[in-house]
Amino acid sequence: MSKTVDRTLDIMELFIGHAGGLSLTEISRLTGMAPATSSRYLAALVDRGYLSESPHNGLYHLGLKSIDFSYAARRNLRFIEFAYLPLNQLSKETGCDVYMTVLDRYTSLVIEEIGTTAALRINSPIGRRMPLHSTACGKIHLAHLPAEQ
């Protein structure tokens, strides 16, 4: 992969696990890039709408354009459409929240959620990644891995 692509993705991936904004100094430190280099990448990402810069404090946040990727990825997961009705029925019959996850590298990624109005709910929003060993869905993924993995 090209260095430019790597650096751009390094910047974007900082925002996945970080709540709140990041300053130019933080981004430079976390990526190992010089501030002038980071600034050029950030300007391009802001210009394209993938990041936004707060006029109040100069912190960078994910831009609204980033949401487009989430919806595009979900559109490509056509099996969600077929699973929705059975998931909804399961939720109604049990009175419980129902989650659909996929194995993605070494995590369980929530790709669909059918919530209930029950007083006690588990909050696992779509897009959340969880360690395989810590959830029922993750344990199901582990149980069906090939022995060599």
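1. In this predicted model, helix H6, formed by residues 136–143, lies across strands E3 and E4. The helix runs at about 40° to E3.

2. The strands beneath this description belong to an open sheet of three strands, ordered E3-E4-E5, in which the pairing is antiparallel. Strand E3 (98–104) and strand E5 (129–131) stand at the edges; each has a single partner strand, so one side of each is left without a neighbour in the sheet. From one strand to the next, the twist averages 40°.

3. The pairing of E3 with strand E4 (residues 107–114) is antiparallel and extends over seven bridges. Within the sheet, Met100 stands opposite Glu112 in E4. In general, strands of a sheet pair through backbone hydrogen bonds, in either a parallel or an antiparallel sense.

4. A separate point concerns two helices. Helix H2 (residues 24–31) packs with helix H3 (residues 35–48) at an angle of about 110°, and their axes are 9 Å apart. H2 and H3 are therefore roughly perpendicular to each other, because angles of 65 to 115 degrees count as such.

5. Which residues of H2 and H3 meet? From H2, Leu24, Ile27, Ser28 and Thr31 take part, and they meet Pro35, Ser38, Ser39 and Leu42 in H3. By class, this contact of H2 with H3 has four nonpolar and four polar residues, with no charged residues.

Notes
Residues are numbered from 1 along each chain as its sequence is written. This is a predicted model: local features need pLDDT of at least 70, side-chain atom pairs count only at pLDDT 80 or more; totals for chains, interfaces and linings use all residues. Side-chain values use heavy atoms; hydrogens and water are left out. Two strands pair if DSSP finds at least two bridges between them. Helices (H or I, at least four residues) and strands (E, at least two) are DSSP runs, numbered from the N terminus. Axes are lines fitted to C-alpha atoms, for helices over the stretch in contact, and angles run from 0 to 180 degrees between N-to-C directions. Contact means heavy atoms within 4.5 Å. Angles under 35 degrees count as roughly parallel, over 145 as roughly antiparallel, 65 to 115 as roughly perpendicular and the rest as oblique. Ala, Val, Leu, Ile, Met, Phe, Trp, Tyr, Cys and Pro count as nonpolar, Asp, Glu, Lys and Arg as charged, and the others, Gly among them, as polar.
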